[in-house]
Amino acid sequence: MSPADGARSLFASRFGAAPAGVWVAPGRANLMGEHTDYNGGFVLPFALGQVTAVAAAPRADRRLVLCSRQQPGLVVDAALDDLAPGAIPGWGAYPGGVAWALRAAGREVPGASIAIDSDVPAGAGLSSSAALECATALALTELGGPGLVPRPELAAIARRAENEFVGVPSGIMDQSASLLCESGHALLLDCQSLESSQVPFDPAAAGARLLLIDTRATHRLAGGEYARRRAECEEAARLLGVPSLRDVTDPAAVERLADPVLRRRARHVVTDDARVLEVVALLRGPACGSGDAYREIGRLLTQAHESLRDDFEASWPEADATVAAALAAGAFGGRMIGGGFGGSVLVLAGRDSGVRAAVSEEFARRGWTAPEFLDATASDGARRAA
């Protein structure tokens, strides 16, 4: 059963009627540009085929009532007019925060009954939270009446929900990817100006494949390490005399930082920004459909992983072992994705690579929980389901 059908079925069983509509929003993987978004830099995400679906209908009592197939037996029931940061714990904070942020932006938000289903793996660093936020945002704005919110504005509203209502200091990338991506493309997003453009991205046409490997090490952005990295980047920018690390274009400039930790953090951000633009040039260049271009992108992926591991210190043992095993099996390259400290690895390889077997054997050898594999395809962004 698809998430859209699952949400529709759950709505009928919980609320005793058909929903007014079903909206879906995808998870995302980020090809290049990690921890650059909140530094005002460049990112290059693409939408996954896995989605979160929200079946919804308006209510007359100014309440938000939520249920989820992933949380059976648990119903969240909150008064719209009483929503405030901290008012809803757990998973309900994401859709609740969207309702709060929409109202704070001056948008009309009706009471709503909402049923949720998803096949975006939770805790895998694939932005299941942004998928839930964006599907909810589309549902509430359409239920609220005429005058749809422009998608870049809706992404900013969903981000505010995550930052201020949930308490995760994330950047704008995840919500933008979920709302703006197009099938067969990655999204080049300038997180300073919020300008975006579609970049052709079709590894299969070049005889390559993109594999997402969930290391099963749970990814939690609300923990202190993510917030600490963001604070370190802000301090590095302050000491360098720039508004954000985006404004440092010469990697040599970060060597002026006396603190070795801040120097490493800044070096990762500045070099990863440059890698995003290198990948875009390859994908838009004359050799974009060749295996050579994707081999070079693979090299940049591995370079980015080493930077995240050594300079940003956001990797984790399962991710490092996954990348090493994939490279030993002949992969073009790979890196951890997402905020880090758990989650998934993105591997770019040839069509007939032995990456799955090599990584599985390495996990078994170490006595770790078996990883999960997902073939990744650049897919469409959020939309109303048929």
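Start by selecting Y226: in this predicted model, Y226 is buried, at 6% relative accessible area. Now add Y38 to the selection. The two rings make an edge-to-face aromatic pair, with centres 5.7 Å apart and 70 degrees between the planes. Y38 sits in the loop between β1 and β2 while Y226 belongs to helix α6 (residues 224-240), so this pair ties together parts 188 residues apart in sequence. Y38 is buried too, with a relative accessible area of 10%.

Stay in that loop and click on D37, which also lies between β1 and β2. Buried or exposed? At 10% relative accessibility, D37 counts as buried. Show what surrounds it: beyond its neighbours within four places in sequence, D37 touches V43, G171, I172, M173 and C191. Try a C-alpha to C-alpha distance from D37 to S170 as well; you should get 8.2 Å, for residues 133 apart in sequence.

M173 is your way into helix α5 (residues 173-180). How many of the residues of α5 are buried? The count is 8 of the 8, so the helix is largely enclosed by the rest of the structure. The buried set runs through M173, D174, Q175, S176, A177, S178, L179 and L180. To see what does the covering, colour β1 (21-32), β2 (42-59), α3 (128-143), α4 (151-166), β6 (185-190) and β7 (196-200), which are among the elements over these residues.

Next stop, a sheet. Select β9, β10, β8 and β11 in that order and you have an open sheet of 4 strands with antiparallel pairing. The edges are β9 (333-336) and β11 (372-375); each has a single partner strand, so one side of each lacks a neighbour in the sheet. On average, neighbouring strands are turned by 20 degrees against each other, ignoring direction. Zoom in on β8 (residues 208-217) and β11, an antiparallel pair joined by 4 bridges; here L211 stands opposite D375.

Bring in the helices. Helix α8 (residues 291-310) packs on the sheet and touches β8, β9 and β10 (343-350), with its direction at about 35 degrees to that of β9. Helix α9 (residues 317-328) lies across β8, β9 and β10 as well, running at about 150 degrees to β8.

Finish with more rings; the structure has 6 aromatic pairs. In F11 and F15 the ring centres are 4.7 Å apart and the planes at 50 degrees, so this pair is tilted. Both are in helix α1 (residues 3-15), 4 residues apart, or about one helical turn. F11 is buried at 3% relative accessibility, whereas F15 is partly exposed at 23%. Last, select F46, F201 and Y294, a cluster linked by ring pairs.

Definitions and conventions: Residues numbered from 1 in each chain as written. Predicted model: local features only at pLDDT ≥ 70, side-chain atom pairs only at ≥ 80, totals over all residues. Heavy atoms only, no water. Pairing = 2+ DSSP bridges. Helix = DSSP H or I, 4+ residues; strand = E, 2+ residues; numbered from the N terminus. Axes fitted to C-alpha atoms, helices over the stretch in contact; angles between N-to-C directions. Contact = heavy atoms within 4.5 Å. Buried < 20%, exposed > 50% of the residue type's maximum accessible area, 1.4 Å probe, protein only. Phe/Tyr/Trp six-rings, centres within 6.5 Å; stacked < 30°, edge-to-face > 60°.
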